[in-house]
Amino acid sequence: MAYQFTFSGNPLPAALRGGVLACGLLATAATAAADAADAAAPSWKFSGFGTLGAVHASVRDADFTSTVMRANGAGRSERWSPDVDSRLGAQLDLALGRWSGVLQVVSEQNLEGNYRPRVEWANIKYQASPDLALRIGRIALPVFLAADYRKVGYTMPWIRPPVEVYGALPISSSDGVDATWRWSVGDTRHATQAFFGRTDRHLYLDRRLEAHGIAGLSHGIEHGPLSVRLSALTAHLTTGIGTEVFTALRAFGPQGQALAARYAIEHKRVSMASAGFSYDPGQWFVSAEAGHAHTHSLLGRTSTMYAGGGYRFTTLTPYLGFSKVRAHGATRDPGLPLASLPPQARPLAAALNAGLNIYLATIPIQTTVSTGMRWDLATDAALKLQYDRVRPTDGSRGTLINTPFSFRFGQTVHVASVALDFVF
């Protein structure tokens, strides 16, 4: 059965279009299941999650934030910022025989500085056999240990996933299909997932992030208290970041065109691989992840890692963590050769060289040492305090955002955070 949605007037906002799509997907699943002779009674479940947070950062010429997909953060924009970690999410699940569907909507600050809700998940699943499941729609990208719950702060001991690692993949879902095959060897359970899709996300003004041909594999292993995830993906990425600089560079002939071809994020292949594990026997826990990303553009090539652990004293859980991201290759470029240009063209060329290097300085090189305390004050709520010592190095601004021309490279940033995580 086909579902058509038409509206007069202005186009629907992205979040509403996603909601309409999700309703159509859920309706399709329900209709297909109802047509089956052995269809079971439908089962609905509504749930939600959220974080109320506040963050203070010692830096005054930049903002600390949890992801580059934020408009601002703590430091330059606000002494204490609620925008770094605060979010609210709601989820609707439908199960009907072999069919099921999920719709998840999340409200958090975006690059335009508002909290417009966005459809994070909207998919239907068909359980083809006890071991094989097929899905279509908007699906979480199965990269990193916390891929399925990276936005649900209550499920993690720390306030936020390590920004050095999870910042390497700021998009967390894609529109497409996947297949998951679950199998076991003795007491060890395996889940192998293949996925394919694309994403087209509005950033700010007329800037968009487009990734097509997203394809990859993820493999999960569970054995007692041990969980492991290995994943790899590839895609072609296009954004409007730096368009003005690269357009002007191309006007300087072959040398400028070569710089634009090298650094512009236009149909550039992105490849990523990651591996992580967690071991949680109950009283204590440790986890670690490592990853490598290559973007073939001004975003560069980076390696990331983190390791952390904690110990549970009834309702109190102190924890420690260390994370790092480093770049492979140059984070600066001499740009256009000024000496070979006519005198009247040199000021513009110098400005373009400076603009290019500002973008290259966004390739993160940074280490963070973290410590904190989680207090499970109720069965569905946890209060957390966390301190981070963030140190960008080697001429990089690290994961900081909103840095002006006067930004002082190499400064250590001290970050204090408090967050109340809850589920319902």
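Student: Which residues make the nonpolar surface patch of about 860 Å²?

Tutor: The patch is formed by F277, Y279, W284, V286, Y311, F313, L316, M373, W375 and L377. Two or more of its residues come from each of the strands β13 (268–279), β14 (284–294) and β17 (366–378). Please keep in mind that the model is predicted.

Student: Which element gives the largest share of the nonpolar patch?

Tutor: Strand β17 does, with three residues.

Student: Why is F277 called partly exposed?

Tutor: F277, which lies in strand β13, has a relative accessibility of 33%. The class "partly exposed" lies between the limits of 20% and 50%, so F277 belongs to it at 33%.

Student: What makes F277 eligible for a nonpolar patch?

Tutor: A patch residue needs over 30% relative accessible area. F277 stands at 33%, and Phe is among the nonpolar side chains that are considered. F277 therefore passes this cut-off.

Student: Let us turn to charged side chains. How many salt bridges are found in the whole structure?

Tutor: The search finds 18 salt bridges. One of them joins the side chains of E108 and R87.

Student: How do you know that E108 and R87 form a salt bridge?

Tutor: The N to O distance between their side chains is 2.8 Å, and the limit for a salt bridge is 4 Å. The pair is within that limit, so the name applies. Side chains of opposite charge can pair when their charged atoms come close.

Student: What does the pair of E108 and R87 tie together?

Tutor: E108 is in strand β6 (residues 99–108) and R87 in strand β5 (residues 87–96), so the salt bridge ties together parts that are 21 residues apart in sequence.

Student: Why are E108 and R87 called buried?

Tutor: Buried means under 20% relative accessible area. E108 has 10% and R87 has 14%, so each of these values meets the condition.

Student: What makes the contact of K151 with E108 a salt bridge?

Tutor: The N to O distance between these side chains is 2.7 Å, which is within the limit of 4 Å. K151 is in the loop between β8 (132–140) and α2 (163–166), whereas E108 is in strand β6; the two are 43 residues apart. K151 has a relative accessible area of 16%, so K151 is buried as well under the 20% limit.

Student: How do you know that R138 and D175 form a salt bridge?

Tutor: Their closest N and O atoms are 2.7 Å apart, again within 4 Å. R138 belongs to strand β8 and D175 to strand β9 (residues 173–185), and 37 residues separate them.

Student: Are R138 and D175 buried or partly exposed?

Tutor: R138 is buried at 18%, whereas D175 is partly exposed at 29%. The dividing value is 20%, so the two residues fall on opposite sides of it.

Student: Which residues are joined into one network by salt bridges that share partners?

Tutor: The network consists of R70, R87, E108 and K151.

Student: How do you know that β8 and β9 pair?

Tutor: Pairing requires at least two bridges. Between β8 and β9 there are nine, in the antiparallel sense, so the requirement is met. R135 stands opposite D178 in β9.

Student: What joins β9 to strand β10 (residues 188–204)?

Tutor: Eleven bridges join these antiparallel strands, and V185 stands opposite T188 in β10. Their hairpin has two residues between the strands, and G186 takes a positive phi near 65° there.

Student: Why do β1 and strand β4 (residues 80–81) count as paired?

Tutor: The two strands share two antiparallel bridges. The rule asks for at least two, so this pair qualifies. H56 stands opposite W80 in β4.

Student: Finally, why is N357 called buried?

Tutor: N357, in helix α5 (residues 346–360), has a relative accessible area of 7%. That value is under 20%, so the residue is buried.

Student: What makes the approach of N357 to D333 a polar contact?

Tutor: A polar atom of the N357 side chain lies 2.8 Å from the backbone nitrogen of D333, and the limit is 3.5 Å. Likewise, the backbone oxygen of N353 lies 2.9 Å from a polar atom of the N357 side chain.

Note on methods
Residues numbered from 1 in each chain as written. Predicted model: local features only at pLDDT ≥ 70, side-chain atom pairs only at ≥ 80, totals over all residues. Heavy atoms only, no water. Helix = DSSP H or I, 4+ residues; strand = E, 2+ residues; numbered from the N terminus. Buried < 20%, exposed > 50% of the residue type's maximum accessible area, 1.4 Å probe, protein only. Patch = residues over 30% accessible without salt bridge, like charges linked within 9 Å, V, L, I, M, F, W, Y side chains within 5 Å. Areas by Shrake-Rupley, 256 points an atom, 1.4 Å probe, with all protein chains shown as cover. Polar contact = N/O pair within 3.5 Å; in protein donor to acceptor, adjacent residues only side chain to side chain.
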